[in-house]
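Reader: Before we start, please give the criterion behind each label you use. I would like to set the values against the cut-offs myself.

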Amino acid sequence: MKNNPRPARARWHLRVHVLVVAWLAAAAVVATGHRWVPAAGWLMVHLLLLGAVSTAIHIWSAHFAEAVRRRPLRGGHRGQAVRLTLHTVGALAVVGGLLAGVWAAVVTGAALVAAAAVWHAVVLVDVSRHGLGVRLGWTSWYFVVAATFLPAGALLGVILARDTTAGGLAARAYVAHVLVMLLGWVGLTVLGTLVTLWPTMLRVPVTDGALPAARRALALLAPGVLVGAGGALVDVPLLAAGGLALHLAGLVVAVRPWWDQARRRRPEGFAPWSVVAAVTWYGLAVLVAAVAVAVAPTWAGVQVTLHALLPVLGAGFAAQVLLGALSHLGPMVLGGGPAAVRAARAVAERGAGARLVLVNGGVLLFALPTPSLVRVGTSVLALAGLVPTLVLLVRAAVVSRRVRRASPVHGPGPVTITPAEVLAPRRTARGPAVAAGAALVLVVAAGVAGDPAAVGLGTGAGEGVPASGRVVEVDVEARDMRFEPASVEVAAGDRLVLVVTNVDDAVHDLVLDSGASSGRLAPGETARLDVGVVGRPLAGWCSVAGHRQMGMTFDVVVAGAATAAGHPGASAPGARAGQGPPVPIDLLAPPGDDVVVRDAALPPAPAGTVHRVTLEVTETEQEVAPGVRRTVWTFGGTFPGPTLRGTVGDTFEITLVNDGSLGHSIDFHAGALAPDAPMRTIEPGERLTYTFTAHRSGIWMYHCSTMPLSLHLANGMVGAVVIDPPVLEPVDREFLLVQSELYLTADGGAATVLTDEAKLVAEQPDGIAFNGHATQYRHQPLVARVGERVRFWVLDAGPNRSTAFHVVGGQFDTVYSEGAYLLGGPQAAGGDPTGGAQVLALEPAQGGFVELVLPEAGTYPFVSHRMVDAERGAAGLLRVAP
């Protein structure tokens, strides 16, 4: 007699859950290596929510609808497989299209995702209308309503990806997109599922009041999402806030019966506690969002708040509820009888307490206004709490299979297991959970030790003076890179409270040398900064990179005392406010062994008249001189950014993705258009599309235009666009050189150096580099042959110094500068066929090219003939072979 095979349903669920785990694993890989992954923040969110969570919703909403209605879905597993394929292909197209900048792929992918959702909704409506009217059957309408939100969210996502809107409209579309996708599509599905799943986890019956409560809750939850998203789109903040409040009220109605059920039997194990934590985070996030919409003066401020809530909604809510459900349902889906289920569940429960502490403690500390070092450390620990669950789920499947094979006869597929057989309460060892808590405490301690001022541990403001009992409250505005007023005077012993409002278009903060800080303020935000009792002069500043050097300083003056001396302030990654010592550069040394010399050869313009490019803003380390590694801000991961090339009349569609930690922007000199929308600053995690048509030829600079420009340029945010003149004769060799200045300071004992803002302001560079490295072309020369015509395109990216490009031993017979031939060319500019030139003179942001033919074999140095700059690194070699 043959062994009884597992039912088709078990095999089906096992296969489709492999897809969910694959999406989760991809999100975990991106989270682990986010520093090296383009648009990592956006990618993590969409791999988790559009990939893993949405796939699980398709699977489990269908499963629960079938179960509660006791009617199979129309089309069965075959139809569901087609819908899952549509959704998966669509999600991959959206992700790949956005990363590659292929607009057609994004639209096609979004259409496939929407089509799969509509089909899913139609099938659910059919089973809901024609299934048996059983007691729990009504909950299937949660899944129907949720499925209708996904097409709307996909449409809003396409609009945001295209980014044809600007300013407030873009922010409102973002708010609506988040509400529709996370509260509508994901939230309603989860809450509808928990009506039946939660009592199953607790092993208690569904109470009589749970189903009426679920009906009342849906009548509040779904309209709440519609009103909230609609209020955002039509620019009525109070309407949007009311919608979120309505949704929150629906959540309270839904949760009350679950609380009663939990009082009857205390949650035990990883799965139910994951659900408890997830629903708690969901409620807190909705509450914070409602308050933000109600009080924030601009939609940009609401957008910043929602963006900050994404880790809470992603890791705290969506990931936890998904992993909790998989941990509970997975062993039963694997089947194989009580022994196999017991074995699988035992594996899934390993280290449950530690995982719960790491994830929820990490999310909490990340959500609070903790120092950046604490946020980094706790996010790593939260990831360390999530990833092992994936590993354990895979391990549980392996163990379950072994148990089934070891049995004399393979057990049946999914079965109903009694509490006595499998689900008997187990006491979980508390040691791992305590160790996880200790790890969180250590990370917080290390983060505070590394940045004590961020938590107010600087030198105290009071210096022991007795309190006078008076409270002085002063309104301070951050406006146009200044604080207004720039100082305040108090008597010794007075308590000072600063009400700081950011009325600028960029993010600011106010930090005092006592350690007191307002925290980062989005445009329109206000914070109360309680300085405490003041006994000495205090210096204050905005700690956003470069803002202090632009004049954003503030003084607290004690009556009769001198103004506080400036104190070095915290700066962004890659920059330091105070002037440091010179960084020695050995120009005779070769580049490091791991340095890939940038190819100076300029390829021809690509085919076609429309060029679509995605530029990701990243912060990375790059060697800029032998043994000198600097933290740089980059377009596309390199300093300078990628070179773009085209011809007059070509259109460039550039998607800028901010994957850094500061606000950034982009300005293409090759296009002529109003800067308000395309050159606006976008915050981390945001993107915009910059489209321009090249009407004039030349070599044009592109750069970040966020204030202060000098710091963003000096930190690497520059690149070149070459627009060929209409008649550009072919040459044998064509090179491109971008000259940049290096303002460096040592970062204590760290291996990397930073950009020194004080040296930048004083125009005292430590080095000059061609194409991002001061010596690369000295040790790996450019090459040509005798008699070949060589063209050098040169861009002076500054930010401060001019250049005079010269090839030692060569003479230029063609000079093209700022869109015009000064010598040679198709019209024989200059008029004298015997004329020549020795330098190409350029001011910062200017560019051009020169051509020459080398008469003899040998090594020809090319330099900036501002010789002090050549001696700082603006030099290379051209090796000419016979």
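Reader: What do β25 and β26 form, and which residue in the turn has a positive phi?

Author: The two strands make a hairpin with 2 residues between them. Glu818 in the turn has a positive phi of about 50°. This is a predicted model, in which local features need pLDDT of at least 70, side-chain atom pairs count only at pLDDT 80 or more, and totals for chains, interfaces and linings use all residues. Residues are numbered from 1 along each chain as its sequence is written, and side-chain values use heavy atoms, with hydrogens and water left out.

Reader: What makes β25 and β26 a pair?

Author: Strands (E, at least two residues) and helices (H or I, at least four) are DSSP runs numbered from the N terminus, and two strands pair if DSSP finds at least two bridges between them. Between β25 and β26 (residues 820–823) there are 3 bridges, so the criterion is met; these strands run antiparallel. Ser817 stands opposite Ala820 in β26, and Tyr816 has Tyr821 as its bridge partner there.

Reader: Which other strand is joined to β25 by bridges, and how many are there?

Author: β28 (residues 847–853) is joined to β25 by 4 bridges, again antiparallel. Tyr816 has Phe849 as its bridge partner in β28. In general, strands of a sheet pair through backbone hydrogen bonds, either parallel or antiparallel.

Reader: Why are both faces of β25 called covered?

Author: Buried means under 20% relative accessible area, exposed over 50%, and partly exposed in between (1.4 Å probe, protein chains only). Thr814 and Tyr816 on one side of β25 (residues 814–817) are buried, as are Val815 and Ser817 on the other. In a regular strand the side chains alternate between the two faces of the sheet.

Reader: What is the strand order of the sheet that holds β25, and which strands stand at its edges?

Author: The order is β21-β18-β23-β28-β25-β26, an open sheet of 6 strands with mixed pairing. β21 (767–770) and β26 each have a single partner strand, so one side of each lacks a neighbour in the sheet. The twist averages 20° from one strand to the next, where axes are lines fitted to C-alpha atoms, for helices over the stretch in contact, and angles run from 0 to 180 degrees between N-to-C directions.

Reader: What makes β22 an edge strand in the sheet of 5 strands?

Author: That open sheet has the order β22-β30-β29-β24-β27, with mixed pairing. The edge strands β22 (782–785) and β27 (840–842) each pair on one side only. β22 runs parallel to β30 (residues 875–881), to which 4 bridges join it, and Ala784 stands opposite Val880 in β30.

Reader: Why is the pair of Tyr282 and Phe317 called tilted?

Author: Rings of Phe, Tyr and Trp (its six-membered ring) pair if their centres lie within 6.5 Å; planes under 30 degrees apart count as stacked, over 60 as edge-to-face and the rest as tilted. The search of the whole structure finds 20 aromatic pairs. Tyr282 and Phe317 stand 4.6 Å centre to centre with 40° between the planes, so the pair counts as tilted. Tyr282 lies in α9 (residues 270–295) and Phe317 in α10 (residues 299–334), so the pair ties together parts 35 residues apart in sequence.

Reader: What are the values for Tyr777 and Phe862?

Author: Their centres are 6.5 Å apart and their planes 50°, which makes this pair tilted as well. Tyr777 belongs to α18 (residues 776–779) and Phe862 to β29 (residues 858–864), so parts 85 residues apart in sequence are tied together. Tyr777 and Phe862 are both buried.

Reader: How do you know that a charge sits over the ring of Phe849?

Author: The rule asks for NZ of Lys or CZ of Arg within 6 Å of the ring centre and within 35 degrees of the ring normal. The charged end of Arg791 sits over the ring of Phe849, 5.0 Å from its centre. Arg83 sits likewise over Trp119, at 5.2 Å.

Reader: How many disulfides are there, and why is Cys542 called buried?

Author: There are 0 disulfides, a disulfide being a pair of cysteine sulfur atoms within 2.5 Å. Cys542 has a relative accessible area of 2%, so it counts as buried. Cys704 is buried too, with 0%.
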